[in-house]
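Work through the exercises below with the structure open beside you. Try each task before you read its solution.

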Amino acid sequence: MESPAPASRVPAIEVARLSTRFGTSLVHEEVNLTVYRGETFALAGGNGSGKSTLLREIIMLQRPAAGGIRLFGQDTASLGDAERDALLRRCGVMFQYGALFSSLTVAENISVPLREHTRLGKDLVREIAEIKIALVDLPAESADKYPNELSGGMRKRAAMARAIALDPEILFLDEPSAGLDPVSAEGIDDLILRLGKLLGLTVFMVTHDLDSLWRVTDRVAVLGNGRILGIGTMEELSRMENPLIQPYFHGPRGRAAGEQTWKRK
Amino acid sequence: MNGPKDADLRVEDDGTLRASGAWKLERLEALEKRLSALPRPGAPGRVLDAGGIEAMDTAGVWLLLRSLRQLEQDGTHVEIRGLRPEFAEIARMVSAGRTGVAPGIARPAPGWMERIGRRTENALQGGFGALSFIGENTAVLLRSLAKPGRIRWRSFLSNLQTGGFHALPITGLLSFLMGIVIAYQAAEQLRAFGANIFIVDLIGVSVLREIAPLVTAIIVAGRSGSAYTAEIGTMKVTEEVDALRTLGISPSETLVLPKLLALVVALPMLTVYADLMGVFGGMIMALTRLDVSFIEFADRFRDAVAVKHYLIGIGKAPVFAVIIALVGCYQGFQVRGGADAVGRHSTISVVQSIFFVIVTDAFFSVVLSWAGL
């Protein structure tokens, strides 16, 4: 099923035979997944298919019932606290609702990881925060605003700025364009593309936004019924016969998103 | 740690600047401290050899650009050579972003006149808000009493359980301990005068009239008052309160009234239990320190402690309940913003409700003594 990967590609995330249970209900069953460095990978699937849970397991917020996850080749289950922190430092995470600290301004939010993990001077930290704000296309004035003074789209950008504060190697995005108007969603897509290319990031995103899937991803895995139903580029997936994947791509929304991409190409 | 070397920038003998190492966030600390001490002879033209830079991220790029800008300001033009194209790309993006960034503007600190004015306005608005909150809820209460079917009985019962029944152990224990403490302190004095039996009067009146209602109210303010604030405050933050309003459901009716009624019922009952436990604590101390047996204690209790003390104690409880419920809910509705506001208002809620409970208690004492009770 998986499209053959060139031997030169280095895996960044490896998920092997992973199972997750909530009480008696099985969320994941023997899920296998490899994300390579430098690629933009998306996890798609319907609501409740366990996409976000898988993301949480990879970033060590939650433990799977069985199976292993390797980040940069290190088994996440057997790490000590210090190793775990060192590994997480190489990851940037943007949560679905931003999870910005409401008592801090945007610039302070971005400075939190910088202050925590480096001993750089106050001015330099502030300047780096301002660079990140500019990188995510937020207006400079938003630096001194509090999260509840920002619109939804701006909050997502601010969350993205905090996620890239430490110049991570992998950027995890949970539903980056959910709840945004089409223009803002497209702006976020552009941002992901640009940052991914510019900083050489590996991007792992959870989304069911078909437009984003077509536009920004290199490869996509579709999760459903606790399993990976298919992995590949969007074109490969759209040609798959699986009755569970088909409606995803050939429903009215799927067709529109796909056609648009063809036109653009 | 192995791997690339720390970021470094040094001046060669011929005046060339040489950058090397990994210009990455975690390797910048030493360099940043040293950069301010970098010698800056004002030579008009200089070369920066960036060929030795092995890795760069946005922070490293910025530090490099920043030092170059500083040199330019001092009149030294620097030409960069050998920077890898991928790093140059990051540099372009970073410097493009930086030009549009205004320096952080600190809001000017207000003068003392303005501060006094703002505080006064806030205090007045707070008082006005509290009054209109009381008014609104009184109206809802009267309407609901006219139509008892509208009261959320299920929510009332669950509040009765969490705010009342679940508070039994802690209220009982603390009241028992207070009984012991008071009896213990009194015992020494009374024995000196051979007035052992008067421990009964002392315990009976103080526990029934003051200690039990106060201890109960303070515990409930800490337990339930703060919980009300946190619950309603969180619902405010997540817009659940707004959702209720748009669905045509009055938040007063669903959130405030059941809590208010439940506490008005629960607090007197808790107070009775606290009465029992407090007096029991006193009895034990009377027996062990003053040799007053349980039988003697009970006999004397019937004669010496008038029913009015018991009734006054119980009578204060519903008033305290109203204070705790209203303050707790009001503070919940005052929450704006996020998690920190919920915490701040929970604190205010507990402090205010305990404050008002004690002030009201003092008020009761004065009024009742005027009335000769």
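A residue counts as buried under 20% relative accessible area, as exposed over 50%, and as partly exposed in between. The model used here is predicted.

**Exercise 1. Find the class of Glu79(B) and of Arg81(B): buried, partly exposed or exposed?**

Step 1. Take the acid. Glu79(B) has a relative accessible area of 39%. This value is not under 20% and not over 50%, so Glu79(B) is partly exposed.

Step 2. Take the base. Arg81(B) has 44% relative accessibility and is partly exposed by the cut-offs.

Step 3. Look at the pair. The side chains of Glu79(B) and Arg81(B) form a salt bridge, with 3.5 Å from N to O.

**Exercise 2. Which parts of chain B does the salt bridge of Glu210(B) and Lys316(B) tie together?**

Step 1. Check the distance. A salt bridge needs a side-chain nitrogen of Lys or Arg within 4 Å of a carboxyl oxygen of Asp or Glu. In the pair Glu210(B) and Lys316(B), the closest N and O atoms are 3.2 Å apart.

Step 2. Place both residues. Glu210(B) belongs to helix H7 (residues 199-237) of chain B, and Lys316(B) to helix H11 (residues 307-333) of chain B, so the salt bridge ties together parts 106 residues apart in sequence.

Step 3. Compare the accessibility classes. Glu210(B), at 22%, is partly exposed, whereas Lys316(B), at 1%, is buried.

Step 4. Turn to a network in chain A. Arg9(A), Glu39(A) and Arg219(A) are joined by salt bridges that share partners.

**Exercise 3. Locate the two residues of the salt bridge between Glu169(A) and Arg90(A), and state how far apart in sequence the tied parts are.**

Step 1. Recall the principle. Side chains of opposite charge can pair when their charged atoms come close.

Step 2. Read the distance. Between Glu169(A) and Arg90(A), the N to O distance is 2.9 Å.

Step 3. Locate the residues. Glu169(A) sits in the loop between helix H5 (152-163) and strand E7 (170-174) of chain A, and Arg90(A) in the loop between helix H2 (81-89) and strand E6 (91-94) of chain A, so the salt bridge ties together parts 79 residues apart in sequence.

Step 4. Add the accessibility. Glu169(A) is partly exposed at 27%, and Arg90(A) is partly exposed at 27%.

Step 5. Put the pair in context. Over all chains, the count of salt bridges is 26.

**Exercise 4. Is Ser353(B) buried or exposed, and which residues does Ser353(B) touch?**

Step 1. Place the residue. Ser353(B) is part of helix H12 (residues 339-370) of chain B.

Step 2. Read the area. With a relative accessible area of 0%, Ser353(B) is buried.

Step 3. List the contacts. Leaving out residues up to four places away in sequence, Ser353(B) touches Ala221(B), Ile323(B), Ile324(B) and Val327(B).

**Exercise 5. Describe how strands E1 and E2 of chain B pair.**

Step 1. Give the direction. Strand E1 (residues 8-11) of chain B pairs with E2(B) in the antiparallel sense, over 4 bridges.

Step 2. Find a facing pair. Asp8(B) stands opposite Ser20(B), which is in E2(B).

Step 3. Inspect the turn. The hairpin of E1(B) and E2(B) has 5 residues between the strands, and Gly15(B) takes a positive phi near 90° there.

Step 4. Check the cover. In strand E2 (residues 17-23) of chain B, 5 of the 7 residues are buried, and the strand is mostly covered.

**Exercise 6. Explain why helix H1 of chain A is described as largely enclosed.**

Step 1. Use the count. Helix H1 (residues 51-58) of chain A has 6 of its 8 residues buried, so the rest of the structure largely encloses this helix.

Step 2. Name the buried residues. In H1(A) they are Lys51(A), Thr53(A), Leu54(A), Leu55(A), Glu57(A) and Ile58(A).

Step 3. Look past the end. Met60(A), just after H1(A), takes a positive phi of about 65°.

**Exercise 7. What lines the largest pocket?**

Step 1. Give the volume. The largest pocket has about 850 Å³.

Step 2. Name central residues. Of its 25 lining residues, the closest to the centre are Tyr97(A), Asn148(A), Arg155(A), Val237(B) and Gly337(B).

Step 3. Sort by class. The lining has 10 nonpolar, 9 polar and 6 charged residues.

Technical notes. Residues numbered from 1 in each chain as written. Chains lettered and ligands numbered in written order. Predicted model: local features only at pLDDT ≥ 70, side-chain atom pairs only at ≥ 80, totals over all residues. Heavy atoms only, no water. Buried < 20%, exposed > 50% of the residue type's maximum accessible area, 1.4 Å probe, protein only. Contact = heavy atoms within 4.5 Å. Pairing = 2+ DSSP bridges. 1 Å grid on protein atoms, 1.4 Å probe; cavity = no way out; pocket = protein on both sides within 12 Å on 5 of 7 lines; lining within 4 Å. Points joined across faces, edges and corners; volume = space filled by probe spheres on them. Nonpolar A, V, L, I, M, F, W, Y, C, P; charged D, E, K, R; others polar.
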